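Work through the exercises below with the sequence and the model open beside you. Each task is followed by a solution in steps.

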Amino acid sequence: MVRGKNTTSLRIAASYLVLGIFSLVALYPVWQIFNISLRPSDRLLSTSLEFLPAHASLRNYVALFTERPFFLWLLNSTFIAVTVTATGVVLASTCGYAFSRYSFIGKKFGLLSLLVTQMFPATMLLLPMYIMLVQLHLINSYLGIVIMYSATALPFCIWQMKGYYDTIPTSLEEAGMIDGCSQLQTFTRIILPLAAPALVITALFSFMAAWTEYVVAAQILQDTEMWTLPLGLKSFESNMGSEWGLYGAASVIVTIPVVVLFLSLSRWLVSGLTLGSVKG
Amino acid sequence: MHNQTFRQRVFLYLLVAPAFIVLFGVVIYPFFYNIVLSLSNMNLRHIRDWRIVGFDQYIKVFTEPSQPDFYVVFLKTVIWTAVNLFFHVLLGVFLALVLNQKEIRGKAIFRAILVLPWAVPQLIVALTWRGMFNYEYGSINLMLTQWLGLPGVQWLRQPITAFIAVIITNVWLGFPFMMVIALGALQSIPHDLYEAADIDGASWYHKLRHITIPLIQPVMVPAITLGTIWTFNNLNIVWLVSNAGEPSDQTHLMVSFVYKAAFNFYRYGYGAALSMVIFFILLAFSLTFMKKSHATQNVYS
């Protein structure tokens with residue numbers, strides 16, 4: 001038994017070592033962004049690996065809001081992300097419910113098609129949509145970009161919601177019906193609250209997709225005043241050196257809400273994803 | 001629910017219609033439009049006066065000598081996907097196993113830290129790692145030279161090291177997804193199975209081989225399929241870390257290659273055809289993989 005105890009404590013020590021090393025690997029690039037954002041302008045390109053830059057200052061953060069249209073980009077991004085999230089949650093929660101509870105012609109085909117859209121390369125929809133948006137004069141408009149983002153996020157969200165509804169027993173609706181609820185009432189008052197974890201994940205994915213997307217935005221939003229945060233970020237990065245500190249500060253501001261959302265919802269993340277996308 | 005009444009039907013259509021209309025406009029119609037484009041000669045010189053030319057663009061995809069070569073890009077994409085998925089699953093499952101031991105304290109904190117790479121926006125991951133791979137000022141080379149006394153590497157200026165840099169970045173951001181999925185799967189395994197195995201004197205390897213792996217497999221297979229598709233199609237990382245294929249278009253994957261053809265060289269017909277080729281490759285892969293692992297039961301049930 002003594003030997004057993006020793007190997008156990010050895011195993012635990014090794015486990016903490018592994019977790020420690022990987023935590024450092026996970027944290028280092030994130031801390032690196034903070035480090036860059038605090039660098040004063042004469043030390044942007046530093047060759048030291050110190051934990052905090054010498055003469056750290058918040059000047060880059062101030063400059064973002066006073067010398068750059070960063071606040072405008074923040075508003076643009078917030079507006080677009082919130083619109084896309086609302087659209088995604090409404091459409092996916094209703095459509096997913098129908099896929100889960102009713103049988104209708106083309107249901108199987110519809111579900112498979114939703115999966116198949118995940119195999120489209122980015123250009124497959126982007127290119128025809130781009131040409132269509134040009135023809136409809138929707139290039140350089142928020143409507144164009146909201147349409148693009150909703151399109152790319154929706155199939156996965158519907159699939160995910162459908163999977164989660166499948167785990168909720170139908171007897172709940174039957175009980176609701178007996179108590180005199182209409183179909184709409186059973187859906188909104190009984191099923192939707194129970195599907196909260198999946199709704200949260202759907203909202204999170206839609207929000208993150210819109211908040212952080214660069215490649216599509218780069219084609220559609222052309223005026224600087226229309227830009228979203230990722231476009232602004234990239235423009236700072238292109239001038240690595242002169243605007244590297246602005247890049248760091250902007251990245252911190254863009255990342256914080258996403259990471260906070262992500263971590264505070266991570267409790268739901270495991271159940272929502274494994275139940276939703278896997279039990280299909 | 002069978003025997004649907006008229007009111008139920010109306011309710012059903014109201015549920016499906018909004019999403020379906022949106023999907024038709026933004027997914028189905030563009031999909032067919034893309035097929036038409038792929039059969040056309042649309043490019044910068046033929047924007048208005050384009051016409052259907054049949055399979056010319058597809059023939060070009062496979063035979064036109066391009067810089068970089070189509071087959072090299074294809075091979076690179078396969079290597080990229082395989083290496084990434086290997087490390088994502090290996091690290092993800094390994095960390096989940098370590099984290100899932102009952103003696104470990106501070107699980108929530110470790111999990112939060114280890115999920116960070118997934119939480120940080122890909123754009124920022126890519127641009128920050130690009131900075132870290134910088135020859136003179138990037139922290140990777142600074143560590144190599146200052147801590148290990150090794151010479152610095154010109155990461156982003158040579159095709160092979162640039163490819164490695166892109167892979168390292170993507171491995172970093174991809175393992176938490178698999179870890180989260182594997183953790184969920186591990187938590188659903190009943191404890192008495194392990195207790196019974198302990199009584200039988202099974203070694204950890206036997207428990208891993210005969211309890212853990214078979215029981216997390218049904219959850220991991222769909223996640224791996226999805227992960228493969230996402231990795232194969234991930235445009236952000238390669239485009240942003242290599243800054244649109246640098247050095248001199250030698251760091252392309254299929255998705256970045258087609259993006260460049262479409263949006264930098266305005267070869268719309270060619271881009272649409274190449275998109276279709278990528279799509280069919282992924283479709284063929286998914287069907288075979290899911291069939292082999294019997295995961296399609298989920299889809300059809």
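The exercises treat a predicted model, beginning with confidence and ending with single residues.

**Exercise 1. Confidence in chain A**

Task: Find the mean pLDDT of chain A, and state in which helices of chain A confidence is lowest and highest.

Solution:
- Step 1. The average pLDDT of chain A is 86, and 93% of its residues score at least 70.
- Step 2. Confidence in chain A is lowest in helix α13 (residues 266–278), where the mean is 57. It is highest in helix α3 (residues 70–101) of chain A, at 93.
- Step 3. The pLDDT falls below 50 over residues 276–280 of chain A. In the model this stretch has 18 contacts beyond near neighbours in sequence.

**Exercise 2. The make-up of chain B**

Task: Describe chain B by its helices and strands, its span and its buried share.

Solution:
- Step 1. Chain B has 13 helices and zero strands.
- Step 2. The C-alpha trace of chain B spans about 75 × 75 × 30 Å along its principal axes.
- Step 3. Chain B has 301 residues, of which 42% count as buried.
- Step 4. Take the contacts in chain B with a separation of 6 or more: 68% of them come from residues 24 or more positions apart.

**Exercise 3. Where the chains meet**

Task: State how many residues each chain gives to the contact between chain A and chain B, and which helix gives the most on the side of chain B.

Solution:
- Step 1. Chain B supplies 74 residues to the contact, and chain A supplies 75 residues.
- Step 2. On the side of chain B that touches chain A, helix α1 (residues 6–38) of chain B gives the most, with 15 residues.
- Step 3. Sorted by type, the residues on this side of chain B are 58 nonpolar, 15 polar and one charged.

**Exercise 4. Two helices of chain A**

Task: Work out how α7(A) and α8(A) are oriented to each other, and list the residues that make their contact.

Solution:
- Step 1. Two packed helices are described by the angle between their axes and the distance between the axes.
- Step 2. Helix α7 (residues 171–178) and helix α8 (residues 183–194) of chain A pack at an angle of about 130 degrees, and their axes are 10 Å apart.
- Step 3. Because of this angle, α7(A) is oblique to α8(A).
- Step 4. The crossing of α7(A) and α8(A) is right-handed.
- Step 5. From α7(A), the contact is made by A:L172, A:E173, A:G176 and A:M177, and from α8(A) by A:T186, A:I190 and A:I191.
- Step 6. These contact residues of α7(A) and α8(A) divide into four nonpolar, two polar and one charged.

**Exercise 5. Two helices of chain B**

Task: Carry out the analysis for α3(B) and α9(B), starting from their angle and the distance between their axes.

Solution:
- Step 1. Helix α3 (residues 70–99) and helix α9 (residues 204–232) of chain B pack at an angle of about 135 degrees, with a distance of 9 Å between their axes.
- Step 2. This angle makes α3(B) oblique to α9(B).
- Step 3. The crossing of α3(B) and α9(B) is right-handed.
- Step 4. On α3(B), the contact is made by B:T77, B:T81, B:N84, B:L85, B:H88 and B:V89. On α9(B), the residues are B:I224, B:G227, B:T228, B:T231 and B:F232.
- Step 5. The contact of α3(B) with α9(B) has four nonpolar, seven polar and no charged residues.

**Exercise 6. Backbone geometry in loops**

Task: Locate the cis peptide bond between B:E246 and B:P247, then examine the positive phi values of B:D249 and A:N140.

Solution:
- Step 1. B:E246 and B:P247 are joined by a cis peptide bond, with omega about -5 degrees. B:P247 lies in the loop between α10 (235–241) and α11 (254–263) of chain B.
- Step 2. B:D249 is also found in the loop between α10 and α11 of chain B. B:D249 is not a glycine, yet its phi is positive, at about 60 degrees.
- Step 3. B:D249 has 18 other C-beta atoms within 10 Å, so B:D249 is partly exposed.
- Step 4. A:N140 sits in the loop between α5 (122–135) and α6 (142–166) of chain A. Its phi is near 70 degrees, a positive value in a residue other than glycine.
- Step 5. With 13 other C-beta atoms within 10 Å, A:N140 is partly exposed.

**Exercise 7. A loop residue of chain A**

Task: Decide whether A:E50 is buried or exposed, and give the separation of A:E50 from A:I131.

Solution:
- Step 1. A:E50 belongs to the loop between α1 (2–37) and α2 (59–67) of chain A.
- Step 2. A:E50 is exposed, because it has 8 other C-beta atoms within 10 Å.
- Step 3. A:E50 and A:I131 are 81 residues apart along the chain, and their C-alpha atoms are separated by 49 Å.

Notes: Residues are numbered from 1 along each chain as its sequence is written. Chains are lettered from A and ligands numbered from 1 in the order in which they are written. This is a predicted model: local features need pLDDT of at least 70, side-chain atom pairs count only at pLDDT 80 or more; totals for chains, interfaces and linings use all residues. Axes are lines fitted to C-alpha atoms, for helices over the stretch in contact, and angles run from 0 to 180 degrees between N-to-C directions. Helices (H or I, at least four residues) and strands (E, at least two) are DSSP runs, numbered from the N terminus. Angles under 35 degrees count as roughly parallel, over 145 as roughly antiparallel, 65 to 115 as roughly perpendicular and the rest as oblique. A crossing is left-handed if the near helix is turned anticlockwise from the far one by less than a right angle, and right-handed if clockwise. Two residues are in contact if their C-beta atoms, placed from the backbone, lie within 7 Å. Ala, Val, Leu, Ile, Met, Phe, Trp, Tyr, Cys and Pro count as nonpolar, Asp, Glu, Lys and Arg as charged, and the others, Gly among them, as polar. A residue is buried if 20 or more other C-beta atoms lie within 10 Å of its own, exposed if 12 or fewer, and partly exposed in between; C-beta atoms are placed from the backbone. pLDDT is the predictor's confidence in each residue, from 0 to 100.
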